[in-house]
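Take a look at the protein chain and its ligand below. This report walks through the fold, the ligand site and a few unusual spots.

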Amino acid sequence: MGTGTDRSARDERMQNQRIVVRAPAKVNLALRVGPLRSDGYHELVTVFHAVSLFDTVTVEPARDFTVTVRGAQAAQVPADGTNLAVRAARLLARTAGVTAGAALTIDKGIPVAGGMAGGSADAAAALVGCDALWGTGFTLAELTGIAAELGADVPFSLLGGTAIGTGRGEELTPVLTHGTLHWALALPTMELSTPAVFREFDLMHAEDPAEPPAVPPRLLAALTAADTRALAGQLDNDLQPAALRLQPGLAATLTAGSADGALAAVVSGSGPTVAFLLPAPAHELPSVVGPAVREVVRCHGPVPGARLVEPGVHYA
Ligand code: C5P
């Protein structure tokens, strides 16, 4: 128990505290979707891969829970209690018995509704940030358990790297990889809703039920061997045909990248972002840019999951 002076010094420190966390986007190197479960989710096997496109969440002390969203697509993100980062902060407080609130500021660098787990990244960052702000001291395993209650991709946003996801995607096994993969991401002008893409998948499999999914062994071998060309032949997404049915314009983007010498092209998650695996970091994809694509951004992976940003440290 500290003295009055200790306590007021600690309270003052808490008042001035400003925690900054950044969390990465993901692409799915493979996404094998199985049958619909009774809880409304699909059994799946995926290989998540965290890439160097980040959201930054700043967490500051507050009596209540508030969120401010900044960035070019900020208007498309809810700035109220339905925001997944606010739900994450509230759930952490409830779990830890914390009565304080938190003021969250989200700087969006990850495309919104792009199939790159931007909302999950914000939730993971809010968990790490609030844990640091309140000194709740949860382990990564404990935070992962809380993350799984928020959404299927949130545990991976905490972990980062490259990992196999099973169940709804929340049961993770890290994958040993060597080397760095270089990507160009085509960000389409339109959005796709994840539940809508899964619904389309179900319609397409109404007469031909999806098989229970399996871990793709050749993909894992290519990752371990750092064999980028072998990996290119293994990128695979069961949701891609459903995303293409909802957004037929994506087909032209996928083909344009191959014509420009990309090693492979795959829709990321439920889309509509298209990820191109590049033969070299500076490889250009001039034909991909067009009316259907608002921007092409480069990134690399794997990168770590949600982490505190220490002042003065340079992060690649
Ligand atoms: O968990 P999260 O809220 O990110 O999932 C969004 C939606 O994606 C779910 O409501 C569900 O429609 C679909 N989904 C699914 N099966 C999974 C993961 C997500 O059907 N394994």
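A polar contact is a pair of N or O atoms within 3.5 Å. Keep that cut-off in mind for the ligand site. The model shown here is predicted.

## The ligand site

Which residues are around the ligand? They are Gly40, Tyr41, His42, Leu44, Gly151, Ala152, Arg168, Thr194, Pro195 and Phe198. Three of these residues, His42, Ala152 and Arg168, place a polar atom within the cut-off of 3.5 Å. The table lists these pairs.

| Residue | Part of the residue | Ligand atom | Distance |
|---|---|---|---|
| Histidine 42 | side chain N or O | oxygen | 2.7 Å |
| Alanine 152 | backbone N or O | oxygen | 2.8 Å |
| Arginine 168 | polar backbone atom | nitrogen | 2.9 Å |

On its own, the ligand has 460 Å² of accessible area, and the protein covers 74% of that.

## The overall fold

The chain holds 10 helices and 12 strands. Its C-alpha trace spans about 70 × 45 × 40 Å along the principal axes. The radius of gyration is 20 Å, which agrees with the value near 20 Å for a compact globule of 316 residues. Of the 316 residues, 50% count as buried. Many contacts bridge distant parts of the sequence: among contacts between residues at least 6 apart, 76% join residues at least 24 apart. The accessible surface comes to about 14,200 Å². Carbon and sulfur atoms make up 54% of that surface.

## The cores

The largest nonpolar core has 69 residues. Within this core, Leu104, Trp183, Leu185 and Leu223 touch the most other members. Helix H3 (residues 118–134) gives the largest share, 10 residues. There is also a second, separate core of 25 residues, including Ala186, Phe201, Leu250 and Val288.

What does leucine 185 touch beyond its neighbours within four places in sequence? Its contacts include Val27, Leu53, Met116, Thr273 and Val296.

Helix H4 (residues 140–150) has a buried side too. An α-helix has 3.6 residues a turn, so residues three or four places apart point the same way. In H4, Leu143, Ile146, Ala147, Ala148 and Leu150 are buried. Their cover includes helix H2 (84–96), H3 and helix H5 (154–159).

## Three buried residues

Start with histidine 49, in strand E2 (residues 42–62). Is histidine 49 buried or exposed? Its relative accessibility is 1%, so histidine 49 counts as buried. Its side chain makes a polar contact of 3.3 Å with the side chain of tryptophan 183. Farther along the sequence, histidine 49 also touches residues including Phe156, Gly161 and Pro302.

Next comes glycine 161, in the loop between H5 and strand E5 (162–166). Glycine 161 has a relative accessible area of 19%, and the limit for buried is under 20%, so this residue counts as buried. Among its contacts are Phe48, His49, Ala50 and Pro302. Glycine 34 sits 127 residues away along the chain, and its C-alpha atom is 24 Å from that of glycine 161.

Serine 157 is in helix H5. This serine is buried because its relative accessibility is 2%. Its contacts include Pro24, Ala117, Ser120, Gly305 and Ala306.

## Unusual backbone spots

Most residues other than glycine have a negative phi, and most peptide bonds are trans. Four places in this chain go the other way.

Two of them are cis peptide bonds. One joins glycine 271 and proline 272, with omega of about 10 degrees. Proline 272 is in the loop between strand E9 (264–267) and strand E10 (274–277). Another joins glycine 301 and proline 302, with omega of about 0 degrees. Proline 302 lies in the loop between strand E11 (293–301) and strand E12 (307–308).

The others concern phi. Alanine 117 has a positive phi of about 65 degrees. This alanine is found in the loop between strand E4 (101–107) and H3. Alanine 117 is buried, at 11% relative accessible area. Alanine 226 has a positive phi too, near 55 degrees. Its loop runs between helix H7 (217–224) and helix H8 (228–232). Here the relative accessibility is 38%, so alanine 226 counts as partly exposed.

Notes. Residues numbered from 1 in each chain as written. Predicted model: local features only at pLDDT ≥ 70, side-chain atom pairs only at ≥ 80, totals over all residues. Heavy atoms only, no water. Core = buried A, V, L, I, M, F, W, Y, C linked by side-chain atoms within 4.5 Å. Buried < 20%, exposed > 50% of the residue type's maximum accessible area, 1.4 Å probe, protein only. Helix = DSSP H or I, 4+ residues; strand = E, 2+ residues; numbered from the N terminus. Contact = heavy atoms within 4.5 Å. Near = heavy atom within 4 Å. Polar contact = N/O pair within 3.5 Å; in protein donor to acceptor, adjacent residues only side chain to side chain. Areas by Shrake-Rupley, 256 points an atom, 1.4 Å probe, with all protein chains shown as cover. Rg over C-alpha atoms; globule rule 2.2 N^0.38 Å.
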